[in-house]
Amino acid sequence: MTISKWTTLKTLFVGIGLAGAAASPALAQKGLDEPFQGAFKESLAGKTVAYVPVAMNFDLTEGWFAGLKKELEPYGVKVIVRDPNWSTNAGAQAVTTLISEKPAVMVIHNPDVQTYAKLLQRAENEGIYVIQINMGSSYRSSAFVGANWIEIGERDTEAVVKACQGKSNKIAIIQGALSAAASAYTLKGVENVLAKNPDIKVVSSQAADWDAAKAKAITQTVLKQNPDLCGIVGFWDGMDIGTAAAVKEAGLTGKVFVATSGGGERRGACELVKSGAFDLNLSYDVPTQAEQMAGMVKWLVSSGVKAGSIKGSMYTTLIPITKENAASDTACWNLSDLKK
Amino acid sequence: MGPRRIGQQGIVFAVFTALFVVFALTLRGFFTTENMLTLLQNVAVLGILGLAMAIVVIGRGIDISLIAALAVPPGLVLQMVQDGHGLPISLAAAFALTAAFGLVNGWLIAYAEVPSLFTTLASGLFLAGLGQAALFKLDVVQWSPGLDGFERLGQGNLLGIPMPIVMFAISCIAVAFLLRRTRIGAYIYAIGDNPYGARVTGIPTRPIIVLQYVLAAMIGCAAGLILAASVNSMPTRIFNSTLIYDVILVVVLGGIGLSGGRGGVANVIIGTLLIGTMLNGMTIMDISYSGQNLIKGVVLLIAVITDSFLNPRNEETAQQGDI
């Protein structure tokens with residue numbers, strides 16, 4: 001066969017096609033039913049998603065709640081919240097009660113590794129999907145969405161170690177609460193990096209209990225003892241406001257590198273990096289986390305898989321907030337926007 | 001009773017001196033002017049709260065709601081300024097809230113005769129809940145540009161001395177004057193020593209009790225403003241912390257008997273200095289958080305036991321619900 005013959009044939013076919021299309025306009029304008037969206041909508045409508053954070057009223061948990069509602073409510077999903085207000089006991093009670101109320105999905109923010117573990121397993125046995133967020137328990141449920149604390153500890157410490165090059169190599173660590181696994185995991189990340197950098201000397205490693213005033217008191221004392229300190233690894237930006245205030249009062253802003261992490265809310269993160277209080281704030285970008293949680297809810301509920309039969313993780317991609325991007329509109333988020 | 005009471009204060013002062021000397025000799029960098037200022041600055045807010053608690057405890061009461069008064073009205077100031085209100089209006093609103101809170105506390109205790117422990121436990125929860133539910137958007141209320149200048153209250157210096165220390169000193173002088181030089185102060189001691197006796201003598205016990213709680217709430221609010229200015233935010237979650245136990249520790253450790261009528265500003269200062277020295281020394285030694293709590297707990301226990309041994313309950317006037 002020659003090329004020209006092919007071309008002729010093609011032209012012929014196209015011609016017939018065009019003629020056919022022109023001859024039957026009704027057929028072409030008829031929509032095509034997408035076979036899966038109906039079932040998807042049906043599976044979501046009227047379902048309940050129960051959300052149990054460690055407490056409401058702070059940027060992370062308010063942000064997640066607002067994000068979940070924004071993504072799920074238009075599909076007729078009811079998002080309910082049980083607020084244990086920092087009480088592990090009240091949280092365990094809330095989870096127990098929820099198991100008998102049988103929501104479709106439970107979104108759980110663990111206060112520690114152990115307390116809810118058995119309860120969450122029971123919930124999945126009862127057919128409730130469990131999505132654990134930011135703080136996992138020792139039971140692996142259908143999904144985990146959240147920050148990788150080890151990575152946060154490693155990246156914050158790497159930044160501090162880098163900033164210490166050619167300086168005193170003395171650093172301080174301001175931990176969170178000892179009972180919180182997020183704090184212990186972050187510390188592990190810090191240790192991982194320190195093991196590779198034996199010349200770095202940790203002059204103080206204390207827990208400030210997520211409390212800004214305690215963080216400030218510790219930092220002040222440490223700075224008086226070690227005015228040549230070159231960096232501080234803090235475990236949460238809400239607490240490290242105090243750390244930064246102590247550094248500022250000692251007149252060492254810019255000389256002591258302060259690395260911390262948080263949810264990336266504008267006032268708590270970008271504004272403070274812009275002002276020079278923090279040199280690095282690793283953000284686990286709460287709106288994205290909320291979207292991923294909602295995504296998991298949609299996927300699990302519409303899939304119809306047996307609860308607990310599949311298990312996966314969705315670790316958050318961190319956004320490092322530094323002087324370079326702190327002024328941009330995209331690095332941080334506003335709670336008021338998310339609540340709209 | 002005379003020599004024993006000197007003994008109580010003496011013991012605490014001796015412990016403080018011993019601890020101080022040991023730290024000064026063994027801890028490098030402890031006994032320097034700078035570290036001494038840091039030590040004082042770190043406990044200044046605690047000391048101011050101790051003064052508020054002292055006024056109430058001397059009058060044979062206790063104010064567990066002090067941390068709510070510390071957290072909520074100053075948080076309201078920061079929140080209102082953040083929402084675009086002026087600083088004077090915000091401060092006025094906070095003081096009005098504090099005064100109302102102290103009045104309710106005092107009224108319940110003095111007129112409704114609800115024991116102070118239960119009243120303030122409940123009212124503190126109420127105020128903290130009100131703050132979380134109605135006043136604040138987030139539990140850490142951030143600083144906003146409208147407050148610029150105000151942070152000097154917590155971060156500035158006066159002749160090289162950090163402002164929190166200056167504020168603590170001023171509060172000490174004011175409270176000492178109130179307790180020792182005014183008629184109201186004498187009444188508070190009388191009520192604490194024997195409430196029924198005081199009433200029989202013609203002292204207006206109920207209004208004085210109300211005044212005690214209003215003063216305590218006001219001082220608590222002032223301490224909160226200093227704290228907020230010092231850390232550039234108001235972490236209202238502090239209500240859930242163990243700070244109130246530290247305040248009681250300062251008061252009892254200093255030698256103000258929980259049975260009322262005894263002690264004064266000097267006791268608060270001694271208690272504050274001992275706590276400050278302990279905290280500072282333990283931080284320099286890099287003792288773990290749980291280790292610090294353990295040591296603090298043991299010291300409080302010893303102080304409470306010593307207190308009940310040296311200041312026994314007055315069986316004639318003690319009643320159910322007293323602590």
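This passage describes the overall form of chain A, the parts of its first domain, and one helix of chain B in a predicted model.

The secondary structure of chain A consists of 13 helices and 12 strands. For its 340 residues the globule rule gives a radius of gyration of 20 Å, whereas the value computed for chain A is 26 Å, well over that figure; the chain is therefore more spread out than a compact globule. In line with this topic, the C-alpha trace of chain A extends over about 90 × 60 × 40 Å along its principal axes. Burial was also assessed, and 51% of the 340 residues of chain A count as buried. Among the contacts in chain A with a separation of 6 or more, 74% are made by residues 24 or more positions apart.

Chain A is assigned two domains: domain 1 comprises residues 37–147 + 286–309, and domain 2 comprises residues 149–283. The C-alpha centres of domain 1 and domain 2 of chain A are 31 Å apart. Where the two domains of chain A meet, the contact takes 8 residues from domain 1 and 10 residues from domain 2. On the side of domain 1 of chain A that touches domain 2, helix α4(A) gives the most, with 3 residues.

Helix α4(A), which covers residues 59–72, also belongs to a β-α-β unit. In this unit, α4(A) is combined with strands β1(A) and β2(A), and the unit is right-handed. Strand β1(A) spans residues 48–52 and strand β2(A) spans residues 78–81. These two strands of chain A run parallel and are joined by 4 bridges. Within the pairing, Val79(A) of β2(A) stands opposite Val49(A).

In chain B, attention was given to helix α11(B), which is formed by residues 243–254. The 12 residues of α11(B) reach 17 Å from the first C-alpha to the last, a span close to the 16 Å expected at 1.5 Å a residue. Because 11 of its 12 residues are buried, α11(B) is largely enclosed by the rest of the structure. At the start of the helix, the buried residues include Leu243(B) and Ile244(B). Further along α11(B), burial applies to Asp246(B), Val247(B), Ile248(B), Leu249(B), Val250(B), Val251(B), Val252(B), Leu253(B) and Gly254(B). An α-helix has 3.6 residues a turn, so residues three or four places apart point the same way. Just after α11(B), Gly255(B) adopts a positive phi of about 110 degrees.

Terms used
Residues are numbered from 1 along each chain as its sequence is written. Chains are lettered from A and ligands numbered from 1 in the order in which they are written. This is a predicted model: local features need pLDDT of at least 70, side-chain atom pairs count only at pLDDT 80 or more; totals for chains, interfaces and linings use all residues. The expected span of a helix is 1.5 Å times one less than its number of residues. A residue is buried if 20 or more other C-beta atoms lie within 10 Å of its own, exposed if 12 or fewer, and partly exposed in between; C-beta atoms are placed from the backbone. The radius of gyration is taken over C-alpha atoms; the globule rule is 2.2 Å times the number of residues to the power 0.38. Two residues are in contact if their C-beta atoms, placed from the backbone, lie within 7 Å. Two strands pair if DSSP finds at least two bridges between them. A crossover is right-handed if, with the strands pointing away from the viewer, the path from the first strand over the helix to the second runs clockwise. Domain bounds come from an automatic or database domain assignment.
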